[in-house]
Amino acid sequence: MASNRTFTMIKPDAFEAGNSGAILKMIEEAGFKIVAMKATQLTPELAGKFYEVHAERPFYADLCTYMSSGPIIAAILEKDNAVEDFRTLIGATNPANAAEGTIRKAFATSIQANAVHGSDSDENAAIEGSFYFSQFERVG
Ligand code: RTP
Ligand code: MG
């Protein structure tokens with residue numbers, strides 16, 4: 001059975017542009033409950049650890065620099081079928097390919113500055129949520 005939680009970050013481009021509130025509104029209107037949330041800023045080292053799975057990809061160094069370039073919002077979200085439904089809500093990695101009505105279609109400005117992160121599996125959702133939040137910083 002699919003887990004009912006996923007993990008998201010509002011990335012530095014969207015935070016800096018003042019789009020956090022509008023993005024959180026889309027998330028809630030799509031039926032997700034925010035069960036943990038904080039504003040913070042990653043160091044390049046922490047960004048490297050978070051995106052370790054991409055260490056061999058050509059964009060890894062740029063991604064770590066970008067993700068530590070400014071504040072972000074990290075959150076754990078709850079909904080039935082959370083991981084898959086949230087990936088649908090955020091849209092394709094490249095905003096040029098993102099469907100109408102998705103967060104990336106509305107707010108992403110490039111394949112890198114693409115407004116939001118969404119976990120790609122139940123296992124990674126749990127790992128990523130625990131990266132940012134202790135048991136005392138989240139609901140349930
Ligand atoms: P995310 O993990 O952030 O939700 O994004 P995703 O699954 O849609 O895409 P993924 O392949 O996991 O890539 C992670 C992030 O790396 C940046 N990226 N840059 N320059 C490039 O070609 C490139 N490709 C990916 C994006 O910020 C992407 O979201
Ligand atoms: Mg990904």
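This is a short tour of a predicted model, one selection at a time.

**Stop 1: the sheet**

Start by showing the strands. You will find an open sheet of four strands in the order β2-β3-β1-β4, and the pairing is antiparallel. Look at the edges: β2 (33–40) and β4 (116–118) each have a single partner strand, so one side of each is left without a neighbour in the sheet. From one strand to the next, the twist averages 15°. As background, the strands of a sheet pair through backbone hydrogen bonds, and the sense can be parallel or antiparallel.

**Stop 2: strand β3 and its partners**

Now select residues 72–78, which form strand β3. How much of β3 is covered? Five of its seven residues are buried, so β3 is mostly covered. Add residues 5–10, strand β1, and you can follow six bridges joining β1 and β3 in the antiparallel sense. Two of the partners to pick out are F7, bridged to I76 in β3, and T6, bridged to L77 in β3. Next add β2, which pairs with β3 over seven bridges, again in the antiparallel sense. Here T40 has I72 of β3 as its bridge partner.

**Stop 3: the helix on the sheet**

Keep the sheet on screen and select residues 82–90, helix α5. This helix packs on the sheet and touches β1, β3 and β4. Its direction makes about 30° with that of β1. Step back into the loop between β3 and α5 and click on N81. With 13 other C-beta atoms within 10 Å, N81 is partly exposed. N81 is not a glycine, yet its phi is positive, about 55°. Most residues other than glycine have a negative phi.

**Stop 4: around ligand 1**

Select ligand 1 and display its surroundings: F59, L63, T93, I111, Q112, N114, H117, G118 and D120. Sorted by class, this shell has three nonpolar, five polar and one charged residues. Is F59 buried or exposed? F59 has 12 C-beta neighbours inside 10 Å, so F59 counts as exposed. You will find F59 in the loop between α3 (44–50) and α4 (60–67).

**Stop 5: the annotated positions**

UniProt, in an unreviewed entry, places the feature "binding site" at K11, F59, R87, T93, R104 and N114. Zoom in on K11, which sits in the loop between β1 and α1 (12–16). K11 counts as buried because 25 C-beta neighbours lie inside 10 Å. Leaving aside residues up to four places away in sequence, K11 touches M67, I72, A113, N114, A115, V116 and H117.

Move on to H117, listed by UniProt for "active site", also in an unreviewed entry. H117 lies in strand β4 and has 20 other C-beta atoms within 10 Å, so H117 is buried. With residues up to four places away in sequence set aside, H117 touches T8, M9 and K11.

**Last stop: A115**

Finish with A115, in the loop between α6 (103–107) and β4. Where is phi of A115? Phi is near 75°, a positive value in a residue other than glycine. A115 counts as buried because 28 C-beta neighbours lie inside 10 Å.

Note on methods
Residues are numbered from 1 along each chain as its sequence is written. Chains are lettered from A and ligands numbered from 1 in the order in which they are written. This is a predicted model: local features need pLDDT of at least 70, side-chain atom pairs count only at pLDDT 80 or more; totals for chains, interfaces and linings use all residues. A residue is near a molecule or strand if its C-beta atom, placed from the backbone, lies within 6 Å of it. Ala, Val, Leu, Ile, Met, Phe, Trp, Tyr, Cys and Pro count as nonpolar, Asp, Glu, Lys and Arg as charged, and the others, Gly among them, as polar. Two strands pair if DSSP finds at least two bridges between them. Axes are lines fitted to C-alpha atoms, for helices over the stretch in contact, and angles run from 0 to 180 degrees between N-to-C directions. Two residues are in contact if their C-beta atoms, placed from the backbone, lie within 7 Å. UniProt positions are given in the numbering used here, feature names are shortened, and annotations may be inferred rather than shown by experiment.
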